[in-house]
Amino acid sequence: MTNLFIFGHPDLASDSFMSAEILATVRDHLAPGSSIWLLDEKKDGRQSDGERVVSHPFDIPLVQGEMEGHAAIVLVFPYHWYAMPYLLKRFIDEIFTYEWSYAASGKMALRDKKLYVLTTLGARQADHQRG
């Protein structure tokens, strides 16, 4: 089973302890054929083994086609103000289109896929220490 991990932290490089730890763990244990996507509004296309940066504007047919090749999709993001970060919300709004991902008819490409949501709460590294 291949997994697609989509990281939706708005500033993963400098402002995240838990999301960075999760990303490091996923990188260390990434199964063959699985992928990591880092949503970033400033960079696009940087790619390494199984990992790439995806930014807006999204290449919708390309992204949808690549998503179809995975058995499970894992959304990883900080949960704040009762919502997900705006870039991940925009990604879902534009990529998970009617009939491609859901509908009474149409392609429904996500029908037999698993979706996992992994959220963090934006705590500082010191907040994760004992005492």
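**Close-up 1. Met 108, a buried residue with positive phi.** With a relative accessible area of 15%, Met 108 is buried, as the cut-off for that label is under 20%. Met 108 sits in the loop between H3 and E6. Its phi is near 45°, a positive value in a residue other than glycine. As with every view here, please keep in mind that this is a predicted model. The loop between H3 and E6 also holds Glu 99, whose phi is near 75°, again positive in a residue other than glycine. Glu 99 is partly exposed, with a relative accessible area of 38%.

**Close-up 2. The open sheet and its edges.** Six strands form an open sheet, and walking across it gives the order E3-E4-E2-E1-E5-E6. The pairing in this sheet is mixed. The edge strands are E3 (47-48) and E6, each of which pairs on one side only. At the E3 edge, E3 and E4 (residues 51-54) run antiparallel and pair over two bridges. For a residue to look for here, try Gln 47, whose bridge partner in E4 is Arg 52.

**Close-up 3. Strand E1, covered on both faces.** In E1, five of its five residues are buried. Asn 3, Phe 5 and Phe 7 are buried on one side, and Leu 4 and Ile 6 are buried on the other. That arrangement is easy to follow with a simple rule in mind: in a regular strand the side chains alternate between the two faces of the sheet. E1 pairs with E5 in the parallel sense over five bridges, and here Ile 6 stands opposite Leu 75. E1 also pairs with E2 in the parallel sense, over four bridges, with Phe 5 opposite Ile 36.

**Close-up 4. Met 1, just ahead of the sheet.** Met 1 belongs to the segment before E1. Its relative accessibility is 66%, so Met 1 counts as exposed. Setting aside neighbours within four places in sequence, Met 1 is in contact with Ser 34, Ala 71 and Ala 72. For a sense of scale, Met 1 and Val 26 are 25 residues apart in sequence and 15 Å apart in space, C-alpha to C-alpha.

**Close-up 5. Helix H1 and its buried face.** In H1 (residues 18-28), the buried residues are Ser 19, Ile 22, Leu 23 and Val 26. Looking down the helix axis, these residues fall within an arc of 100°, so they line one face of H1. Their cover includes strands E1 (3-7), E2 (35-39), E5 (72-78) and E6 (114-120).

**Close-up 6. Helix H2 and the cis peptide in the loop before it.** Val 63, Gln 64 and Met 67 are the buried residues of H2 (residues 60-68). Seen down the axis of H2, they fall within an arc of 95°, so these residues also line one face of their helix. What covers them includes E1, E2, E5 and H3. Pro 57 is in the loop between E4 and H2. A cis peptide bond joins His 56 to Pro 57, with omega about 5°.

**Close-up 7. Salt bridges, across the fold and within a helix.** The structure holds five salt bridges, among them the three described here. Glu 51 pairs with Arg 27, with the closest N and O atoms 2.6 Å apart. Glu 51 lies in E4 and Arg 27 in H1, so this pair ties together parts that are 24 residues apart in sequence. Glu 51 is buried at a relative accessible area of 10%, while Arg 27 is partly exposed at 42%. In a second salt bridge, the side chains of Glu 66 and Arg 52 meet at 2.7 Å, N to O. This pair links distant parts of the chain, with Glu 66 in H2 and Arg 52 in E4, 14 residues apart. Arg 52 is buried at 14%, whereas Glu 66 is partly exposed at 29%. Another salt bridge joins Arg 90 to Glu 94, with the closest N and O atoms 3.2 Å apart. Both residues lie in H3, four residues apart, about one turn of the helix.

**Close-up 8. A nonpolar patch on the surface.** Tyr 79, Tyr 82 and Leu 121 form a nonpolar surface patch, with about 430 Å² of accessible area together. Tyr 79 is found in the loop between E5 and H3 (86-95). At 36% relative accessibility, Tyr 79 counts as partly exposed.

Definitions and conventions: Residues numbered from 1 in each chain as written. Predicted model: local features only at pLDDT ≥ 70, side-chain atom pairs only at ≥ 80, totals over all residues. Heavy atoms only, no water. Buried < 20%, exposed > 50% of the residue type's maximum accessible area, 1.4 Å probe, protein only. Arc of directions from axis to C-beta. Contact = heavy atoms within 4.5 Å. Patch = residues over 30% accessible without salt bridge, like charges linked within 9 Å, V, L, I, M, F, W, Y side chains within 5 Å. Areas by Shrake-Rupley, 256 points an atom, 1.4 Å probe, with all protein chains shown as cover. Salt bridge = Lys/Arg side-chain N within 4 Å of Asp/Glu carboxyl O. Pairing = 2+ DSSP bridges.
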